[in-house]
Amino acid sequence: MVKPSPTVNLLLSDLATTAPLPETGRNVFIEVPDSYVTDERFELAGVEGLAIQRLITLAHNAASLKVVWQAAAARRLLDSPSVHPLAAVALCLNNAEHTLAADAQLPQSAFEHARKKLLGHQLATDMFSDRQALICLDFERPSLPPDLYEPSTRRLRSEADFESLVDDLVYSQHSAGFKAGRLSKLRMVLAVILRELLENTDDHAKTGFDGSVLKPNSIRGLLVKRILETRRLPSRAATDLPPVPCLEFTIFDSGIGYYNSYRRQLLRGQARGDPVVIGDLQADAVRRFELGPDVAVETEYAIVLKCLERHSENAIPDSRPGHRGMGLYEVLRALKMMQGMLEVRTGRIHGYRSFLEGELRVQLEPQTSETRPGMPKASLLDVDRKMLKYPAPRDLVRGSVVRVVVPLA
């Protein structure tokens with residue numbers, strides 16, 4: 001019997017699907033076809049962040065990785081890498097070999113020029129493209145975008161700076177249907193959400209389980225995208241209800257994920273200097289096993305919720321000032337007010353909560369609650385089976401992706 005080839009051949013656009021990734025230890029050959037630049041799948045909401053996570057997972061598990069760029073795709077993508085996020089992340093993989101097709105008529109130095117252009121990108125608030133990306137590299141020639149980090153200190157910018165960034169991004173969306181009156185309701189909350197999610201990657205997604213700098217491919221990033229969300233009001237004709245213009249913010253990282261990050265803290269006996277408090281049975285399972293088949297998905301889900309609830313119920317004491325940090329409850333409460341949406345993909349969990357117009361309002365506290373009448377419960381629903389309280393297990397992926405959608409009108 002002929003043994004199967006150890007090399008797996010893929011198109012970069014294949015990562016926009018949910019097909020199983022190649023098994024660990026394979027040689028992977030990825031082609032960036034000319035058709036990539038017109039592939040309509042990348043116009044869909046939420047697709048690109050998940051595709052990036054699959055690419056990072058593939059690159060982490062591959063024995064070797066070679067990317068071949070076809071001529072038209074290379075000219076287009078290497079000229080404007082920041083508006084093609086999946087291709088941009090592929091360009092930044094430090095364990096990948098990049099080559100050009102024979103008819104590309106571009107020098108090999110085009111890759112390095114494109115990387116420099118990408119890493120020097122600053123957000124265009126008028127959004128000449130429907131999407132753009134900021135990329136953080138933390139290993140081998142670290143690079144931090146000045147929109148997110150103060151260049152002199154290399155620390156994450158202040159909440160005031162993030163408020164200004166949100167102002168610029170939202171105010172410039174008049175042509176997309178933005179109503180100026182919404183800004184006062186969302187600017188501060190959205191700025192805090194974005195900053196806290198990025199700070200989470202800064203604290204937990206740059207190092208491995210042993211605390212050393214991640215390698216290969218320590219990559220984090222922010223994607224900003226203009227999307228249209230279909231209204232979900234079945235009682236009215238679709239012709240009466242044009243889609244709602246929204247801004248989509250996606251924060252991704254290549255870290256060890258929520259569960260293993262929590263496990264790392266548990267084994268060290270601390271979380272930001274204070275004892276970690278979780279149930280005895282969960283603690284025993286988390287101490288014994290890294291994330292994998294030995295860990296029940298119910299345990300992983302409980303740990304993901306504990307990570308997201310960090311600042312809401314004092315489940316994990318936090319010595320930082322009280323105004324810093326937003327737990328899952330506060331994020332959901334803010335998104336309910338803004339009629340927005342949250343989606344989280346980490347490990348085997350893919351959960352979401354939506355308060356978009358017309359969505360079913362489930363997992364809310366009863367109106368008889370003494371403290372939180374009508375407010376969201378701190379939980380996630382399954383992204384496909386939307387009434388399922390506990391997300392069903394998915395294929396194991398690397399890092400985390402958090403997507404926030406905010407209507408502009």
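How many residues does the hairpin that joins S10 to S11 run through? The hairpin passes through 1 residue. Before we come back to that corner, please keep in mind that everything here is read from a predicted model.

## The chain as a whole

The protein chain holds 10 helices and 13 strands. Of its 409 residues, 55% are buried. Contacts also reach across the sequence: taking those between residues at least 6 apart, 69% join residues at least 24 apart.

## The hairpin and strand S11

Strand S10 covers residues 341-347 and is joined to S11 by 6 bridges, with the two strands running antiparallel. One of the pairs along this ladder links Val344 with its bridge partner in S11, Gly351. S11 also has a link to strand S12 (residues 381-382): here 2 bridges are found, and the strands again run antiparallel. Gly351 takes part on this side as well, standing opposite Asp382 in S12.

How enclosed is S11, which spans residues 349-354? Of its 6 residues, 6 are buried, so the strand is largely enclosed by the rest of the structure. The cover extends to both faces, with Ile349, Gly351 and Arg353 buried on one side. On the other side, His350, Tyr352 and Ser354 are buried too.

## Helix H10

Helix H10 is made of residues 328-338 and is mostly covered, with 8 of its 11 residues buried. The buried set consists of Leu328, Tyr329, Glu330, Val331, Leu332, Ala334, Leu335 and Met338. For readers who like to check backbone angles, Gln339 follows H10 and has a positive phi, near 55 degrees.

## A parallel sheet of four strands

Another part of the chain has 4 strands forming an open sheet, arranged S1-S2-S3-S4 with parallel pairing. Strand S1 (7-11) and strand S4 (96-100) are the edges; each has a single partner strand, so one side of each is left without a neighbour in the sheet. On average, and with direction ignored, neighbouring strands of this sheet are turned by 20 degrees against each other. As general background, the strands of a sheet pair through backbone hydrogen bonds, either parallel or antiparallel.

Strand S3 (residues 64-69) is tied to S4 by 5 bridges, and these two run parallel. Within this pairing, Val68 has Thr99 of S4 as its bridge partner. Is Thr99 buried or exposed? Its relative accessible area is 19%; since buried means under 20%, Thr99 counts as buried. Apart from neighbours within four places in sequence, Thr99 is in contact with Lys66, Val67, Val68, Trp69, Gln108 and Phe111.

## Helix H3 and its two partners

Helix H3 (residues 85-92) meets helix H1 (residues 47-61), with axes that come within 9 Å and cross at roughly 20 degrees. The two helices are therefore roughly parallel to each other, and H1 passes H3 in a right-handed crossing. From H1, the residues involved are Glu48, Ala51, Ile52, Leu55 and Ile56, and they meet Pro85, Leu86, Val89 and Ala90 of H3. By class, this contact comprises 8 nonpolar residues, no polar ones and 1 charged.

H3 has a contact with helix H4 (residues 110-119) as well: these axes come within 10 Å and cross at roughly 120 degrees. This crossing is left-handed. Here H3 contributes Ala88, Leu91 and Cys92, which meet Phe111, Ala114, Arg115, Leu118 and Leu119 of H4. The residues of this contact fall into 7 nonpolar, no polar and 1 charged. Phe111 is a useful residue to highlight in your viewer, as it is also among the contacts of Thr99.

## Ser218, a buried loop residue

Ser218 sits in the loop between helix H6 (183-204) and strand S8 (219-229). With a relative accessibility of 2%, Ser218 counts as buried.

Which residues does Ser218 touch, not counting those up to four places away in sequence? They are Cys136, Leu137, Asp138, Phe139, Ala205, Lys206 and Ser254. There is also a link back to H3, where Cys92 is one of the residues that meet H4. The C-alpha atoms of Ser218 and Cys92 are separated by 9.6 Å, while the two residues are 126 residues apart along the chain.

Note on methods. Residues numbered from 1 in each chain as written. Predicted model: local features only at pLDDT ≥ 70, side-chain atom pairs only at ≥ 80, totals over all residues. Heavy atoms only, no water. Axes fitted to C-alpha atoms, helices over the stretch in contact; angles between N-to-C directions. Parallel < 35°, antiparallel > 145°, perpendicular 65-115°, else oblique. Left-handed = near helix turned anticlockwise from the far one by under 90°. Contact = heavy atoms within 4.5 Å. Nonpolar A, V, L, I, M, F, W, Y, C, P; charged D, E, K, R; others polar. Pairing = 2+ DSSP bridges. Buried < 20%, exposed > 50% of the residue type's maximum accessible area, 1.4 Å probe, protein only.
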